[in-house]
Amino acid sequence: MKNKIKVMRAIHELTQQDLADKIQVSRQTINAIEKGKYVPSTLLALKMASVFKVTVLEIFEMEDSDWS
């Protein structure tokens with residue numbers, strides 16, 4: 001699953017730690033999500049969307065390999 005978290009953080013001038021604090025996870029979790037090593041829960045994705053004031057679909061994009 002592709003994501004635009006790093007871009008969104010830059011737009012909002014947030015570090016990984018800033019975002020992690022806002023959504024109550026570790027900085028390592030944000031790093032893993034950005035690198036595509038971890039797929040966030042629906043709740044976590046909604047929290048990120050709320051912080052960035054966008055929809056979840058504006059942050060995350062499904063890839064063909066996600067369907068198998």
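Reader: Which helix is E34 found in?
Author: This is a predicted model, where local features need pLDDT of at least 70, side-chain atom pairs count only at pLDDT 80 or more, and totals for chains, interfaces and linings use all residues. Residues are numbered from 1 along each chain as its sequence is written, and side-chain values use heavy atoms, leaving out hydrogens and water. Helices are DSSP runs of H or I with at least four residues, strands are runs of E with at least two, and both are numbered from the N terminus. On that count, E34 sits in helix α3.

Reader: Is E34 buried or exposed?
Author: The labels go by relative accessible area: under 20% is buried, over 50% is exposed, and anything in between is partly exposed (1.4 Å probe, protein chains only). The areas themselves come from the Shrake-Rupley method with a 1.4 Å probe, and for residues only the protein chains shown count as cover. E34 has a relative accessible area of 18%, so E34 is buried.

Reader: Which residue forms a salt bridge with E34?
Author: A salt bridge here is a side-chain nitrogen of Lys or Arg within 4 Å of a carboxyl oxygen of Asp or Glu. A search of the whole structure turns up one. Its closest N and O atoms are 2.5 Å apart, and the partner of E34 is R9.

Reader: Where does R9 lie, in which helix?
Author: The salt bridge between E34 and R9 links distant parts of the chain, 25 residues apart. Both residues are buried. E34 is in helix α3, while R9 is in helix α1 (residues 5-11).

Reader: Which side chain makes a polar contact with the side chain of E34?
Author: A polar contact means a pair of N or O atoms within 3.5 Å; within protein, one must be able to donate a hydrogen and the other to accept it, and residues adjacent in sequence count only if both atoms are side-chain atoms. For E34, the contact is at 3.0 Å, and the other side chain belongs to Q16.

Reader: And what is the distance of the polar contact between the side chains of Q16 and R27?
Author: Q16 has its place in helix α2 (residues 16-23), and Q16 is buried, with a relative accessible area of 16%. R27 lies in helix α3 (residues 27-34) and is partly exposed at 30%. The polar contact between their side chains is at 3.1 Å.

Reader: Which residues gather with R27 in a patch of positive charge?
Author: Patches are made of residues with over 30% relative accessible area and no salt bridge, joining like charges within 9 Å and nonpolar side chains (Val, Leu, Ile, Met, Phe, Trp, Tyr) within 5 Å. Lys and Arg count as positive, Asp and Glu as negative, with His and the chain ends not counted. Each charge is placed at NZ of Lys, CZ of Arg, CG of Asp or CD of Glu. On the surface, R27 is joined by K6, K35 and K37.

Reader: How about the nonpolar patch: what accessible area do its residues have together?
Author: One of its residues is V39, found in the loop between α3 and α4 (42-52). V39 is exposed, with a relative accessible area of 52%. With M1, M62 and W67 as the other members, the patch has about 450 Å².

Reader: What distance separates the C-alpha atoms of D64 and E34?
Author: D64 is in the segment after β2 (60-61) and counts as exposed at 71% relative accessibility. D64 and E34 are 30 residues apart along the chain, and their C-alpha atoms are separated by 18 Å.
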